[in-house]
Every structure is written in C-alpha cells, then in structure tokens.
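Visitor: Please take me through one part of this model in close detail. Pick a stretch of the fold, stay with it, and then show me how the rest is laid out around it.

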Amino acid sequence: MPTYQIHALKYGGPVSSSGAFLMWQRDWDKTAQRNYYLWCLTGGPRPVVVDTGLSPAQAAARGVPDYDHPAEMLTRLGIQADQVELVILTHLHFDHAGGVGLFPEARFFVQRSEYDFWTKNPMAGRPVFQFFLDQATREALVGLEAAGRLVFLEGDAEVAPGVECLLAPGHSPGLQAVAIETERGRAVLGSDSGHVFENFSQDWPSSLVVDQVALLRTYDKLRDRAASLDLLFPGHDRRLAEDYPSVAKGVTRLV
Ligand SMILES: [Zn+2]
C-alpha cells in the first residue's frame with residue numbers, strides 16, 4: 001500500500017466575511033477570512049488531483065482575489081494538468097468543479113447523487129442554489145458524462161490504492177470526502193463538510209448546509225475515519241496555507 005503526501009494549492013483568497021459564514025449563527029460581529037484550494041496527492045502510482053479550482057475567466061467573473069492558475073500551480077509539483085488521469089470531484093460547487101476544462105485527459109470521480117442533483121433535479125434551479133453552480137460548468141459536466149469521462153460512485157469506494165472516496169452529505173447532497181493513507185496514518189480531506197477546523201473540532205457547521213442532520217452524521221463518520229482529528233482537513237481554512245511547510249509558491253504540504 002503506497003503512502004501519499006497531501007498538498008494544498010491555494011488558488012485564491014483570502015476572502016473576508018462575517019464570522020457567521022464559517023460558524024453557523026455565531027460570530028456575526030467578527031470578521032473571518034477563508035481561501036480557495038484544490039489538493040494534489042503524490043507518492044502513489046500516479047498523481048491524484050482533488051477538485052479543480054477555477055479557470056481564469058471564471059475566477060474573474062466570480063471576483064476571486066489573488067487568483068493563481070491551478071494548472072500553473074501543479075507544475076510547481078512537477079505535474080502537468082493536461083496529463084493528469086484521475087481527478088476526484090468532492091462536490092459540484094463552482095469553486096471545486098469549475099475547472100474541469102483544465103484537465104483534458106482526466107476521468108472525474110463524482111458521487112451519482114451529487115451529479116444527479118445538480119444536473120437533473122429542478123430544485124437545483126431554485127434561487128438559493130443558483131449561486132453555487134453556473135450554467136457553463138453544468139454544461140461542461142454534462143458534456144463529460146456524454147464523453148464517458150465521469151465515473152459515478154454510489155457510496156464509499158477506493159479509487160486508487162490507498163485513496164478512498166467517502167460519501168459525506170450535508171454541505172451538498174452528495175459531497176464526498178477523501179481518505180488517504182499517509183505516513184502518519186489515515187488522513188481525510190473533508191472538503192467543505194467543514195470550511196474551517198473548528199467545524200469538526202467543535203461539532204458546529206458553517207452556514208452553508210443543505211441537510212444539518214446528514215452533516216452531523218458526516219462529522220461522526222469523518223472523525224472516525226481519520227487517524228486523529230488533526231488529520232481531518234477542512235475545505236477553506238486559511239491555516240492550510242499558513243501553518244504547514246511551504247513547498248512552492250502557494251503550495252503547502254499538509255502531510
Ligand atoms: Zn468550497
């Protein structure tokens with residue numbers, strides 16, 4: 001069984017908001033900051049990319065500050081985005097799936113329930129959901145399905161030796177976390193199940209939740225699967241970019 005190194009690639013941010021964005025119904029009067037990331041796993045038979053970041057045009061349209069091109073960032077790890085074969089999409093919000101076009105040779109692993117919600121369920125067209133996925137990305141995803149480049153998972157599944165996708169709903173209908181074997185034991189990229197570490201450690205979600213009960217069950221599952229709580233990583237915490245060894249511009253090694 002290979003062990004992996006986990007890299008966080010900060011492709012945007014920091015962005016400021018009320019603290020209540022990151023801690024549901026708390027800290028309204030505080031200001032909190034968050035970053036945008038994708039992740040890359042090295043040390044296995046081939047690199048695995050987790051989420052895609054955004055294209056330059058999308059980043060401009062969304063007003064993402066301090067944007068860095070994800071494909072350029074991967075070259076700092078010696079990886080060419082146009083040669084990556086395996087990408088895991090944790091969920092289909094724009095900041096995680098908007099960059100699928102940057103990976104022309106990849107197959108994308110996604111939960112069936114997540115894909116069906118965003119592409120087939122009329123509920124996804126309601127106003128509160130429209131912010132999360134733009135029409136261009138939705139069409140790109142449908143095109144990938146037609147091309148046979150989406151791999152649909154229905155629950156937990158190993159997608160590479162030592163890399164297991166874990167169904168983890170709550171932030172979105174079919175979010176998947178990623179459990180990864182490392183030299184420190186099993187780590188879990190929780191993606192936006194938690195925006196910051198405190199969501200997991202204090203058992204208190206962020207404000208972006210579609211199913212609070214499911215999310216709390218997800219917290220039980222992810223804390224149980226990670227070898228220790230400090231190996232359960234959230235999706236947008238500034239500390240991912242600040243508290244870990246820097247290996248290149250914008251790139252830190254979490255494990
Ligand atoms: Zn996100």
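**A close look at strand β10**

Guide: Start at Val-188. Beyond the neighbours within four places in sequence, Val-188 is in contact with Ala-177, Val-178, Ala-179, Leu-222, Arg-225, Ala-226, Leu-231, Leu-232 and Phe-233. Keep in mind that this is a predicted model.

Now the strand itself. β10 covers residues 185–191. Five of its seven residues are buried, so the strand is mostly covered. It pairs with two strands. One is β9, residues 176–182, which runs antiparallel to β10 and is joined to it by five bridges. Two residues lie between β9 and β10, and the pair forms a hairpin. Within that pairing, Glu-181 stands opposite Arg-186 of β10. The other partner is β11, residues 232–234. Here the sense is parallel, over three bridges. Leu-189 has Phe-233 of β11 as its bridge partner. In a regular strand, side chains alternate between the two faces of the sheet.

The contact list of Val-188 can be read against these pairings. Ala-177, Val-178 and Ala-179 are among its contacts, and β9 spans residues 176–182. Leu-232 and Phe-233 are also among them, and β11 spans residues 232–234. Leu-222 and Arg-225 are in the list too, and helix α8 runs over 212–225.

Next, the core. The largest nonpolar core has 68 residues, and Val-178 and Val-188 have the most contacts inside it. Strand β2, residues 31–42, gives this core its largest share, six residues. In soluble globular proteins, nonpolar side chains tend to be buried together.

Step back to the whole protein. It has nine helices and 13 strands. The radius of gyration is 17 Å, close to the 18 Å that the globule rule gives for 255 residues, so the protein is as compact as a globular protein of that length. Along the principal axes, the C-alpha atoms fill a box of roughly 45 × 40 × 35 Å. Buried residues make up 47% of the 255. Of the contacts with a separation of 6 or more, 65% are between residues 24 or more positions apart.

Turn to the loop that leads into α8. It lies between α7 (197–201) and α8 (212–225), and Gln-202 is found there. Gln-202 is exposed, because the count of other C-beta atoms within 10 Å is 12. Its C-alpha is 9.8 Å from that of Met-23, with the two positions 179 residues apart in sequence. Asp-203 has its place in the loop between α7 and α8 as well. Phi of Asp-203 is positive, near 60°, in a residue other than glycine. Asp-203 has 11 other C-beta atoms within 10 Å, so it is exposed.

Asp-51 offers a contrast in burial. Its phi is also positive, about 70°, and it is not a glycine. It is found in the loop between β3 (48–50) and α1 (56–62). Asp-51 counts as buried, because 29 C-beta neighbours lie inside 10 Å.

One helix deserves a look. α6, residues 135–146, has twelve residues and reaches 17 Å from first C-alpha to last, close to the expected 16 Å. Its buried residues are Thr-137, Leu-141 and Leu-144. They cover an arc of only 60° around the axis, which puts them on the same side of α6. Their cover includes α3 (94–97), β5 (107–111), α4 (112–120) and β6 (150–153). The face turned away from the buried side carries the exposed residues Gln-135, Glu-139 and Ala-146. After α6 comes Gly-148, with a positive phi near 75°.

Two more backbone sites remain. Gly-13 and Pro-14 are joined by a cis peptide bond, with omega about 10°. Pro-14 has its place in strand β1, residues 5–18. Gly-250 is in the loop between β12 (246–248) and β13 (251–253). It counts as buried, because it has 20 C-beta neighbours inside 10 Å. Leaving aside neighbours within four places in sequence, Gly-250 is in contact with Leu-9, Lys-10, Asp-68 and Met-73. Leu-9 and Lys-10 fall within the residue range 5–18 of β1.

Back to the start: β10 pairs antiparallel with β9 and parallel with β11, and Val-188 is one of the two residues with the most contacts inside the largest nonpolar core.

Terms used:
Residues numbered from 1 in each chain as written. Predicted model: local features only at pLDDT ≥ 70, side-chain atom pairs only at ≥ 80, totals over all residues. Helix = DSSP H or I, 4+ residues; strand = E, 2+ residues; numbered from the N terminus. Expected span 1.5 Å × (residues − 1). Arc of directions from axis to C-beta. Contact = placed C-beta atoms within 7 Å. Core = buried A, V, L, I, M, F, W, Y, C linked by C-beta atoms within 7 Å. Rg over C-alpha atoms; globule rule 2.2 N^0.38 Å. Pairing = 2+ DSSP bridges.
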